[in-house]
Structure formats: structure tokens, C-alpha cells
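Got a minute to look at a protein together? Let's take it one question at a time.

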Amino acid sequence: MQLVVFVVVLALGKGCFSCNLKNVSIPMERCGQEVWIHTTICEGLCCSQDPVFESPEEAPVHKTCNGDWSYEVKHIEGCPGSITYPVATNCHCTTCNTEDTYCGRFHGHIPSC
């Protein structure tokens, strides 16, 4: 029965396996003023293959929550220059990119939920 529930959750894309846009506010200080940047980021978990046997020839397939990004500019009144910040436009699970992310297996202790 547990397997059926797990398969249904995966099929519906709900539960802990989701990669979605999330609104965030980030405080920044510029020219002595505190400014809040309101943007979106990608948040969530993606299904990954984590085999019991680790093969030196074949790396496991890890998926990460990434997205497409654009950049916006915020001008602050009375302050020269501006703040350029990233904005996620959509999110999706993609294969982990080893050029900018550690994609190996975590060998530390992970406490249960």
C-alpha cells in the first residue's frame, strides 16, 4: 500500500518532490538606506538516483532545482548607481551541473524529519 501512495504522489508532482518559484524579500543597504529587494527564486527537491552500490565508473544521476533567470535593476532615490539582482522566471528539475555545484554523494549524518 505504501508503494502505491508513493507512486501516486510522484505522479501528481506533489509532496517533497517539487521545484517551484518562491517569492523572497532580501534586505540590502545602499547609500545608508535599507532597501528591500523583492524577487523570486527556485525552491524544492527533485528526484535523484542514489544507488546502494557506488561505482567508480558510473556516477549517480542527481537532479537539482534550477530555473531560467533574468535580471532587474532597482534605482534608489538620491543614490548614485543601482542594484542589479536576479529573478527566476520559471523552475524545473535538471541534471546537476558539476561546473558550479557539488553533485557528489553526501556522506555525513542526515537527521530524520
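What follows is a short chat about links, strands and cores.

Reader: Before we start, what kind of model is this?

Author: Residues are numbered from 1 along each chain as its sequence is written. Local features here need pLDDT of at least 70, side-chain atom pairs count only at pLDDT 80 or more, totals for chains, interfaces and linings use all residues, and side-chain values use heavy atoms, with hydrogens and water left out. So to the kind of model: it is a predicted one.

Reader: Which residue does Glu 43 meet in a salt bridge?

Author: A salt bridge here is a side-chain nitrogen of Lys or Arg within 4 Å of a carboxyl oxygen of Asp or Glu, and the count comes to one. Its two side chains sit 3.3 Å apart, N to O. The partner of Glu 43 is Lys 22.

Reader: How many residues apart in sequence are the parts that this pair ties together?

Author: Strands are DSSP runs of E, at least two residues long, numbered from the N terminus. Glu 43 lies in strand β2 (residues 33–44) and Lys 22 in strand β1 (residues 19–30), so the distance in sequence between the tied parts is 21 residues.

Reader: Is Cys 19 buried or exposed?

Author: Buried means under 20% relative accessible area, exposed over 50%, and partly exposed in between (1.4 Å probe, protein chains only). A disulfide, meaning a pair of cysteine sulfur atoms within 2.5 Å, joins Cys 19 to Cys 65. Cys 65 is buried, and Cys 19 is also buried.

Reader: What is the handedness of the link between Cys 31 and Cys 79?

Author: A disulfide joins Cys 31 to Cys 79, with 1.8 Å from S to S. Cys 31 is in the loop between β1 and β2 while Cys 79 is in the loop between β3 and β4 (82–95), so parts that are 48 residues apart in sequence get tied together. The torsion about the S-S bond is about 65°, so the disulfide is right-handed.

Reader: And what is the handedness of the link between Cys 46 and Cys 93?

Author: Cys 46 is buried, at a relative accessible area of 11%, while Cys 93 is partly exposed at 36%. Their sulfurs are joined at 2.1 Å, S to S. With -85° about the S-S bond, this link is left-handed.

Reader: Where in β4 does Cys 65 find its bridge partner?

Author: Two strands pair if DSSP finds at least two bridges between them. β3 and β4 run antiparallel and are joined by 13 bridges. Across from Cys 65, the bridge partner in β4 is Cys 93.

Reader: Which residue in the hairpin turn has a positive phi?

Author: The hairpin is formed by β3 and β4, with six residues between them. The phi in question is about 80°, and the residue that has it is Gly 78.

Reader: Which element gives the largest share of the largest nonpolar core?

Author: A nonpolar core is a set of buried Ala, Val, Leu, Ile, Met, Phe, Trp, Tyr and Cys residues joined through side-chain atoms within 4.5 Å. The largest one has seven residues, including Val 35, Ile 37, Tyr 85 and Val 87. The elements giving two or more residues to this core are β2 and β4. The largest share, three residues, comes from β4.

Reader: How many residues are in the second core?

Author: This core is separate from the largest one, and Cys 19, Cys 46, Cys 65 and Cys 91 are among its members. Its residue count is six.

Terms used. Helices (H or I, at least four residues) and strands (E, at least two) are DSSP runs, numbered from the N terminus.
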